[in-house]
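I keep these entries as a record of what I looked up, in the order I looked. The structure comes first.

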Amino acid sequence: MVEEDWELRYKWLSDPEVNSTLTAGNGMPLTPSTIRERTRKYAESNEKSVYHTILNEAAEPIGNAQLFKIDPWNRNAELGLWIGEKSAWGKGYGTEVIGILVQFAFNRLNLHKVYLTVDSDNLRAIRCYEKAGFHHDGILRDEVFKNGQYVNRIYMSVLKTDLIQT
């Protein structure tokens, strides 16, 4: 990710439909300065996280993916992914990127587990994570309040041994 990505990220995050798919998406408007500052931080090197801009075949940005909360002691990290370009939804980019990030986590970072949380109403993302080998580990009941109601959050993970066995 590079700092110059902030304007495109702002466009994507300002779209209510895109924002509603994000675990952090609570519907609160984000200012350009907030997005610019976050993007600047994400572009900096950091041993606890790696942030990437997802490109399509034409090398156009379509979303973001990250491994964060990298814990070398317990050998795990949290995965985050979002496709901001709605024309790229449902085309398999998410599953492909997850596979690449998980392999990077296991083979390059020598992690044992990659985990994530996803809102229970985000069925497209849940299917994508399942196709990439993630298992349902639990449900955080009424974890977030969005669109006037409480929504469960699903905790999912994949272990390095899960992929070796398959």
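Entry 1, a single bridge. I started at one pair in the sheet: Val50 has Leu67 in S2 as its bridge partner. The model is a predicted one, so I looked up confidence before going on. Mean pLDDT over the chain is 86, and 90% of the residues reach at least 70. By element, S4 has the highest mean, 96, and helix H3 (residues 32-43) the lowest, 72.

Entry 2, S1 and S2. The two strands run antiparallel and are joined by 6 bridges. They form a hairpin with 5 residues between them, and in the turn I found Ala59 with a positive phi of about 65°. I then checked how covered S2 is: 8 of its 11 residues are buried, so I noted the strand as mostly covered.

Entry 3, S2 and S3. This pair is also antiparallel, with 7 bridges. Gly63 is bridged to Ile83 in S3. The hairpin here has 4 residues between the strands, and Arg75 takes a positive phi near 60°.

Entry 4, S3 and S4. Here the pairing is parallel, over 3 bridges, with S4 covering residues 113-119. Ala77 has Val114 in S4 as its bridge partner.

Entry 5, the whole sheet. I wrote down the strand order as S1-S2-S3-S4-S6-S5; the sheet is open, has 6 strands and shows mixed pairing. Which strands stand at the edges? They are S1 (50-55) and S5 (135-146); each has a single partner strand, so one side of each has no neighbour in the sheet. Neighbouring strands are turned by 25° against each other on average, direction ignored.

Entry 6, helices against the sheet. H4 (residues 93-108) packs on the sheet and touches S1, S2 (61-71), S3, S4 and S6 (149-159). The direction of H4 makes about 160° with that of S3. H5 (residues 123-131) lies across S3, S4, S5 and S6, and runs at about 160° to S4.

Entry 7, H4 by itself. I compared its span with the expected one: 16 residues at 1.5 Å a residue should give 22 Å, and the end C-alpha atoms are 22 Å apart, so the two agree. I listed the buried residues of H4 as Tyr93, Gly94, Val97, Ile98, Leu101, Val102, Ala105 and Phe106. Just after the helix, Asn110 has a positive phi of about 55°.

Entry 8, Glu78. I picked this residue in S3 (residues 76-83) to see where an acidic side chain sits. Is Glu78 buried or exposed? Its relative accessible area is 11%, and the cut-off for buried is under 20%, so I recorded Glu78 as buried. Leaving aside neighbours within four places in sequence, Glu78 is in contact with Gln66, Leu67, Phe68, Lys69, Tyr115, Leu116 and Thr117. One of these, Lys69, makes a side-chain to side-chain polar contact with Glu78 at 3.2 Å. Tyr115 is 37 residues from Glu78 along the chain, yet their C-alpha atoms are separated by 4.9 Å. Leu67, in the list of contacts of Glu78, is also the bridge partner of Val50 from my opening entry.

Entry 9, Phe134. This residue lies in the loop between H5 and S5. With a relative accessible area of 4%, which is under the 20% cut-off, Phe134 counts as buried. What is Phe134 in contact with, leaving aside its neighbours within four places in sequence? I found Leu79, Ile98, Val102, Val114, Tyr115, Leu116, Tyr129, Met156, Ser157 and Val158. Ile98 and Val102 are among the buried residues of H4. I also looked up Asp162, 28 residues from Phe134 along the chain; their C-alpha atoms are separated by 8.8 Å.

Entry 10, the chain as a whole. I counted 6 helices and 6 strands. Read along the sequence, the pattern is α-α-α-β-β-β-α-β-α-β-β-α. Of the 166 residues, 41% are buried. Taking contacts between residues at least 6 apart in sequence, 56% join residues at least 24 apart.

Methods: Residues numbered from 1 in each chain as written. Predicted model: local features only at pLDDT ≥ 70, side-chain atom pairs only at ≥ 80, totals over all residues. Heavy atoms only, no water. Buried < 20%, exposed > 50% of the residue type's maximum accessible area, 1.4 Å probe, protein only. Contact = heavy atoms within 4.5 Å. Polar contact = N/O pair within 3.5 Å; in protein donor to acceptor, adjacent residues only side chain to side chain. Pairing = 2+ DSSP bridges. Axes fitted to C-alpha atoms, helices over the stretch in contact; angles between N-to-C directions. pLDDT = per-residue confidence, 0-100. Expected span 1.5 Å × (residues − 1).
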